[in-house]
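Me: I am new to this structure and would like a close look at one part of it, the surroundings of its ligands. Please go slowly, and then connect that part to the rest.

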Amino acid sequence: MKKRLGMTVMALAAIATLGAGVLNAKDRELIDPIKPAKVTDAALVELGKKLYFDPRLSKSGFISCNSCHNLSMGGTDNIKTSIGHNWTKGPINAPTVLNSSLNVAQFWDGRAADLKEQAGGPIANPGEMASSHTLSVHILQSIPGYVADFKKVFGSDKVDIDKVTKAIAAFEETLVTPNSRFDKWLKGDKKAITEQELAGYNLFKSTGCIACHNGPAVGGNTFQKMGIVEPYKSTTGGDGRSAVTGKDADRFNYKVPTLRNVELTYPYFHDGEAATLKEAVDVMGRLQLGRKFTEDENAKIVAFLHTLTGDQPNFKLPILPASSDITPRPSPFDK
Ligand code: HEC
Ligand code: HEC
């Protein structure tokens, strides 16, 4: 009990200090505009795009990255926890892939260092795509269209998982969402957001949300405890960061989610328990800051959060190369 209280006070002090710093630094905002993606290797990105949409990387031949990170729906699946192979109920909410290149690490507990390391995970995860690296490489190697692509990009027609994840990561790096109304405001277009939205941003700063949700992604750059002032009760999603560090102090620490495009990425929190932004803002106020927002304050903050939606990925749907006669066939139904 004592220990908990001590941590609470420390965490609040950290927020208060940052809060004060924010208020003093009138000339500098703690959120930066999203920069457009710089594509250095267009062929690599194109290959990654195909792989991202290709369900043949799953055992069932039915699930692609886009099944759970739907680029038509803010890079998420909009359900509490994902559905994987054989209709398996996932343990945790799927975060958006949009702007994920800006994250300090990948996954809610940060167990993958970067996008390349992350991309190998779901392919072989029995509850997600349920394939294996060997099988997916074997499948790609049997598809002449892919072999030609790998040859063009890597100078060799040998497919391996390293190349697969490299290409997927390169595509994901292009999934940034610049030009939100808030970014236009940050860059000096004072008419880009309304008075109500600006009032919401001011509350976001003055009450301390910005202590954890800052930087270009408005989050994604630190791990923080969920439930600082009041504990968060959840049976889904594990213990958070302590699973990676082994430290008890990291229990219920999660990567602070990005708030970019947050109006599209419902439901909220690692367990997907908050259905609306109104609810998520209310929980954040009470559990992280010990503050009960009025209806009016809540509506202002929600209005501000809506200004964080940027340009969504916009490209021609990739057409995937056909399987050949020797391509291993999918196994959609397990016993
Ligand atoms: C069955 C649904 C499902 C599929 C298929 C899937 N993912 Fe995910 N993805 C998730 C879930 C759930 C998480 C969060 C897991 C966690 O944090 O423990 C996640 C996390 C991520 C993250 C980390 C984002 C962040 O902010 O931490 C990235 C990036 C990602 N997936 C990309 C991919 C790619 C690339 C593929 C295809 C190779 C893919 N996913 C396939 C459900 C899925
Ligand atoms: C002490 C750090 C901290 C503070 C302060 C904080 N947050 Fe959070 N926020 C988090 C963490 C950590 C999560 C993820 C919690 C989880 O999923 O269990 C989160 C999640 C969210 C989400 C859900 C996003 C998603 O995609 O699931 C929203 C919305 C949000 N915060 C808004 C706010 C607002 C508004 C404030 C101020 C009232 C605020 N936060 C204050 C750390 C913080």
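Reply: Let us begin with what "around" a ligand means: a residue belongs there if its C-beta atom, placed from the backbone, lies within 6 Å of the molecule. Please keep in mind that this is a predicted model, in which local features need pLDDT of at least 70 and side-chain atom pairs pLDDT 80 or more, while totals for chains, interfaces and linings use all residues. Residues are numbered from 1 along each chain as written, with chains lettered from A and ligands numbered from 1 in the order of writing.

Start with ligand 1. It has 25 residues around it, and the ones that come nearest are C65, C68, P95, F107 and P122. Two helices each give this shell at least two residues, namely α3 (65-68) and α4 (115-124). (Helices are DSSP runs of H or I with at least four residues, strands are E runs of at least two, and both are numbered from the N terminus.) Helix α4 makes the largest contribution to the shell around ligand 1, with five residues. By class, the surroundings of ligand 1 hold 15 nonpolar, nine polar and one charged residue. Here Ala, Val, Leu, Ile, Met, Phe, Trp, Tyr, Cys and Pro are nonpolar, Asp, Glu, Lys and Arg charged, and the others, Gly among them, polar.

While you are looking at α4, follow the chain back a little. The loop between β2 (88-89) and α4 holds N99. This asparagine is not a glycine, yet the phi of N99 is positive, near 65°.

Now turn to ligand 2. Its shell is made of 28 residues, and C209, C212, M226, F269 and M284 come nearest to the ligand. Helix α11 (residues 277-289) supplies the largest share of that shell, seven residues. Sorted by class, the residues around ligand 2 are 20 nonpolar and eight polar, with no charged ones. The loop between β4 and α11 has a feature of its own, for P267 sits there. The peptide bond that joins Y266 to P267 is cis, and its omega is near -10°.

Next, step back to see the chain as a whole. Domain 1 is built from two stretches, 2-30 and 179-306, and domain 2 covers 42-172; such bounds come from an automatic or database domain assignment. Between the C-alpha centres of domain 1 and domain 2 the distance is 29 Å. Where the domains meet, domain 1 gives 27 residues to the contact and domain 2 gives 22; two residues are in contact if their C-beta atoms, placed from the backbone, lie within 7 Å. On the side of domain 1 that touches domain 2, two elements give two or more residues each: α10 (242-245) and β4 (253-255). That side of domain 1 contains eleven nonpolar, twelve polar and four charged residues.

One last stop is N179, with which the second stretch of domain 1 begins. You will find N179 in the loop between α7 (161-172) and α8 (181-186). Its phi is positive, about 70°, although N179 is not a glycine.

To return to your request, picture two shells: one of 25 residues around ligand 1, with α4 as its largest contributor, and one of 28 residues around ligand 2, with α11 in that role.
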